[in-house]
Amino acid sequence: LHRWENPPTPPRHNILYVAGSFVAGTALLGVVSYAGWMYTKYSMGVKDSTEYAAKMRELTPDMKKDMAESTLGRTMKRFRSGMQTWIHGSTFQSNMKENFGGMATGQSGGDKE
């Protein structure tokens, strides 16, 4: 009853509401994550993360080679190569040097005496 005699001001009430939601959400996330890990350990019959990793390596095939040889893998390689060429190209680096003094490219072009 005493609590309602001096209700908090609206800005303070909003801050308390948001902070309480954040704390409650963080606690809920922790509890759900822990429960999920315990369930996973129980259902897979493992004791710790090392055993879990070994078990997952047994269950899942090595897809890295198949992915690299697929159409999607080749497309991703071409895209990555094109982006690296663009980023390391002279136009991009000179633009970064002009506008940011070389901070983005690791060059110290911004030193002026």
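What is the mean pLDDT of the protein chain, and what share of its residues reach 70 or more? In this predicted model, the mean comes out at 80, with 79% of residues at 70 or more. That confidence isn't spread evenly: helix 2 has the highest mean, at 93, while helix 1 (residues 2–5) has the lowest, at 63. Further along, residues 109–113 stay under 50 in pLDDT, and the model gives this stretch three contacts beyond four places in sequence. Where pLDDT is low, the coordinates shouldn't be read in detail.

Helix 2 is a good place to start looking. It runs over residues 10–44, and its 35 residues, at 1.5 Å each, should span 51 Å; the end C-alpha atoms sit 50 Å apart, so the two figures agree. Just after helix 2 comes G45, which takes a positive phi of about 70 degrees.

Next up is helix 3, residues 49–59, whose axis comes within 11 Å of the axis of helix 2, the two crossing at roughly 60 degrees. That angle makes helix 2 oblique to helix 3, and the crossing is left-handed. On the helix 2 side, the contact is made by W37, T40 and M44; on the helix 3 side, by S49, Y52, K55, M56 and L59. Sorted by type, the residues of this contact come to five nonpolar, two polar and one charged. As for the spacing along a helix, residues three or four places apart point the same way, because an α-helix has 3.6 residues a turn.

Methods: Residues are numbered from 1 along each chain as its sequence is written. This is a predicted model: local features need pLDDT of at least 70, side-chain atom pairs count only at pLDDT 80 or more; totals for chains, interfaces and linings use all residues. Side-chain values use heavy atoms; hydrogens and water are left out. Axes are lines fitted to C-alpha atoms, for helices over the stretch in contact, and angles run from 0 to 180 degrees between N-to-C directions. Helices (H or I, at least four residues) and strands (E, at least two) are DSSP runs, numbered from the N terminus. Angles under 35 degrees count as roughly parallel, over 145 as roughly antiparallel, 65 to 115 as roughly perpendicular and the rest as oblique. A crossing is left-handed if the near helix is turned anticlockwise from the far one by less than a right angle, and right-handed if clockwise. Contact means heavy atoms within 4.5 Å. Ala, Val, Leu, Ile, Met, Phe, Trp, Tyr, Cys and Pro count as nonpolar, Asp, Glu, Lys and Arg as charged, and the others, Gly among them, as polar. The expected span of a helix is 1.5 Å times one less than its number of residues. pLDDT is the predictor's confidence in each residue, from 0 to 100.
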